[in-house]
Amino acid sequence: MSKIVGIGSSVHDTLMVTREFPAEDTKIQAQETFIQGGGPCATALVTASKLGVTSSYIGTLGNDIYGSYMMDDFKRYGVGIDNIIQKDDYVSFHSFVILNSSSSSRTCIWNKGTIPELQHDEINLNTIKNAELLHLDGHQLDAAIYAAGKARENGVKVSLDAGGVYPGIEKLLPLVDFLIPSEEFVLKIMDKTNIKEAAAALYAKYKPEVFIVTQGSRGGFFYNGREYERYRSFTVDAIDTNGAGDVFHGAFIAGYVKGMDIRKTIHFASAVAALKCTQIGARNSVPSYDNTIQFLGRNGFNEF
Amino acid sequence: MLVNLREILKLAEEGNFAIPAFNAYNLETVMGIIGAAEDLKSPVIIQCYSRLFNSDIGYYMSSIIKAAAKRSRVPVCFHLDHGQTETEVIWGIRYGCTGIMIDASTLPLDDNINMTRRISYICGNSGIPIEGELGHIGSTKDEAMDDFTDVEEAKQFVKETNVTALAISVGTAHGRYKKAPSLDIQRIAKINEAVEVSLVLHGGSGVPDDQLQEAIRAGIRKVNFGTDVCYAFLDSVFNTSRDIVAIDLFMKEPIDNVKRFAMEKIKVLGAVNKA
């Protein structure tokens with residue numbers, strides 16, 4: 001049984017590094033190619049697993065080259081696959097990304113594939129009941145809402161990496177214990193331009209147990225209905241920030257399950273996300289728990 | 001065991017009785033209500049007025065009610081009573097309610113339908129059943145109560161909102177009656193014939209037992225008691241000897257008095273041994 005289970009997006013990414021952006025109807029040579037698993041939820045689960053907290057993905061994948069790669073990638077990083085249903089004759093979610101090294105631009109073409117949405121009866125409720133936390137990213141929304149309700153009935157915490165304001169997301173928000181949205185999400189869903197006002201309004205409406213607004217390289221803040229407390233991101237020589245947000249969420253839920261209090265968990269998650277940015281790739285670059293603790297110590301956080 | 005509003009009302013529909021729905025305000029009222037339901041093997045709805053969810057009381061009360069329900073051997077539904085805004089409903093979901101009432105009955109029919117439909121949409125995927133209200137059930141302090149539920153409007157309301165239960169205005173009011181009300185039993189029967197959802201009678205406190213039983217025969221499947229829970233508790237508090245200082249010992253009699261009241265009503269509603 002895994003301590004963390006997740007429902008959401010799992011994507012096969014092909015990244016090609018080029019010296020320029022290709023003109024239409026031309027061919028250009030790539031300098032490097034990376035194939036990796038992606039998707040906010042799936043990468044968060046990989047992160048938790050690499051930090052020593054057992055995790056499992058609940059979802060459906062096609063029985064195609066993309067799905068098979070994602071299955072192997074989960075196995076590589078120790079993420080449980082017992083609750084993944086691979087379906088024949090469907091195409092999995094995949095993307096192709098052009099990384100233009102001269103401009104540092106990142107151009108993505110994605111394809112959700114043909115794989116049907118996860119159905120309620122495809123979710124093994126025992127897996128959720130026996131977990132400590134259910135992690136969601138807003139994808140597979142109908143299944144996510146159903147699973148979140150079942151999780152809460154059984155005292156299992158629900159966390160949400162709220163990035164996109166998808167239709168129907170307001171049905172999920174009342175069921176979320178750890179609401180960790182991006183700044184863009186907060187401003188958009190509350191239709192405001194001031195982030196503090198928007199955050200206060202969102203908190204007042206949904207009263208999550210933990211509420212943290214992420215602001216990318218600027219760090220972010222958490223709010224408890226009375227006061228705002230900022231946290232800063234760590235300064236590192238960043239090479240690849242792709243997936244840093246997903247990794248932050250994975251590290252946050254891992255820190256919670258390990259018993260850290262909220263402040264420690266935020267600094268822990270920030271450190272993991274910063275270290276991830278010092279190497280290429282969203283998953284292989286996730287540091288170990290011990291390396292993260294050493295990094296925190298070097299940066300003056302000796303309470304870990 | 002903790003069940004939802006649909007599951008508990010199904011028992012009433014199949015057994016032709018009404019589920020007692022008692023408002024709880026503190027630990028002691030919860031203990032009295034649960035004790036009565038367990039002793040008489042009755043399903044029970046424990047509900048909290050939305051005001052309690054506007055403060056920290058909701059956090060503590062929801063924890064107490066859910067713990068009591070989960071340990072209980074009888075079916076218990078934890079219900080939000082008179083949610084009036086989307087935000088109050090969201091807090092009801094957050095606190096773990098297994099039934100939600102949205103009361104938009106003071107609004108014009110179309111606005112009431114739109115508001116109730118919006119709440120059905122929000123609660124739909126999480127499977128939390130909804131109680132709506134049509135025909136405003138006022139207070140006993142109101143000068144006149146002539147806003148009885150219209151049968152045709154009830155049909156339209158149910159069709160367009162996807163509610164599981166419908167509170168109707170048929171002569172009751174919230175509060176303590178100056179004189180016993182006279183329920184429009186025929187109206188209950190006509191609405192019951194016209195719609196397929198469970199009908200709810202608010203303002204059950206002070207309604208004579210024979211009228212409650214007639215209302216159940218006509219189709220009422222949930223009866224709310226709020227005011228009389230308060231009186232059962234407070235009357236006993238005021239009558240308990242001030243010589244008892246330890247609060248847990250002092251509260252013994254008020255708990256028992258709530259329990260006695262709840263047992264009386266469970267019997268009147270025909271809910272004994274229906275768990």
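Two residues are in contact if their C-beta atoms, placed from the backbone, lie within 7 Å. With that in hand, chain A: residues 24 or more positions apart account for 66% of its contacts with a separation of 6 or more.

Some ground rules. This is a predicted model, where local features need pLDDT of at least 70, side-chain atom pairs count only at pLDDT 80 or more, and totals for chains, interfaces and linings use all residues. Residues are numbered from 1 along each chain as its sequence is written, while chains are lettered from A and ligands numbered from 1 in the order in which they are written.

Chain A overall. Helices number 10 and strands 14; both are DSSP runs, helices being H or I with at least four residues, strands E with at least two, numbered from the N terminus. The C-alpha trace spans about 55 × 45 × 40 Å along its principal axes. A compact globule of 304 residues would have a radius of gyration near 19 Å, and chain A agrees, with 19 Å. That radius is taken over C-alpha atoms, and the globule rule is 2.2 Å times the number of residues to the power 0.38. Of the 304 residues in chain A, 48% are buried. Buried here means 20 or more other C-beta atoms within 10 Å of the residue's own; 12 or fewer is exposed, in between is partly exposed, and C-beta atoms are placed from the backbone.

Next, a sheet. Four strands of chain A form an open sheet, mixed in pairing, in the order β3-β2-β7-β8. Two strands pair if DSSP finds at least two bridges between them. Which strands stand at the edges? β3 (32-38) and β8 (105-111) of chain A do; each has a single partner strand, so one side of each is left without a neighbour in the sheet. On average, neighbouring strands of this sheet are turned by 20° against each other, direction ignored. Axes are lines fitted to C-alpha atoms, for helices over the stretch in contact, and angles run from 0 to 180 degrees between N-to-C directions. At the β8(A) edge, β7(A), residues 94-100, pairs with β8(A) in the antiparallel sense over seven bridges. One position to look at: Ile98(A) is opposite Thr107(A) of β8(A).

On to helix α1 of chain A, residues 40-50. All counted, 11 of the 11 residues are buried, so α1(A) is largely enclosed by the rest of the structure. Among them are Pro40(A), Cys41(A), Leu45(A), Val46(A) and even Lys50(A). After α1(A) comes Gly52(A), with a positive phi near 95°.

Now a helix pair. α8 (residues 244-257) and α9 (residues 262-276) of chain A have axes that come within 8 Å and cross at roughly 140°. The crossing of α8(A) past α9(A) is right-handed, meaning the near helix is turned clockwise from the far one by less than a right angle; anticlockwise would be left-handed. On the α8(A) side, the contact includes Val247(A), Phe248(A) and Phe252(A); on the α9(A) side, it includes Phe268(A), Ala269(A) and Val272(A). By class, this contact has 10 nonpolar, three polar and two charged residues. Ala, Val, Leu, Ile, Met, Phe, Trp, Tyr, Cys and Pro count as nonpolar, Asp, Glu, Lys and Arg as charged, and the others, Gly among them, as polar.

Strand β12 of chain A, residues 210-214, is mostly covered, with four of its five residues buried. It has partners. β11(A), residues 178-181, runs parallel to β12(A), joined by two bridges, and Phe178(A) is opposite Val210(A). β13(A), residues 220-223, pairs with β12(A) in the antiparallel sense over three bridges, with Ile212(A) opposite Phe222(A). β12(A) and β13(A) form a hairpin with five residues between them, and Gly216(A) in the turn has a positive phi of about 60°.

Over to chain B. How many residues of β3(B), 76-83, are buried? Eight of its eight. β2(B), residues 44-49, runs parallel to β3(B) over six bridges, and Ile46(B) stands opposite Phe78(B). β4(B), residues 99-102, also runs parallel to β3(B), through three bridges; there Leu80(B) has Ile100(B) as its bridge partner.

Last, the interface. In contact are 12 residues of chain A and 10 residues of chain B. On the chain A side, α4 (141-153), α5 (169-172) and α7 (195-206) each give two or more residues. α4(A) supplies the largest share, five residues. By class, the chain A side has five nonpolar, one polar and six charged residues.
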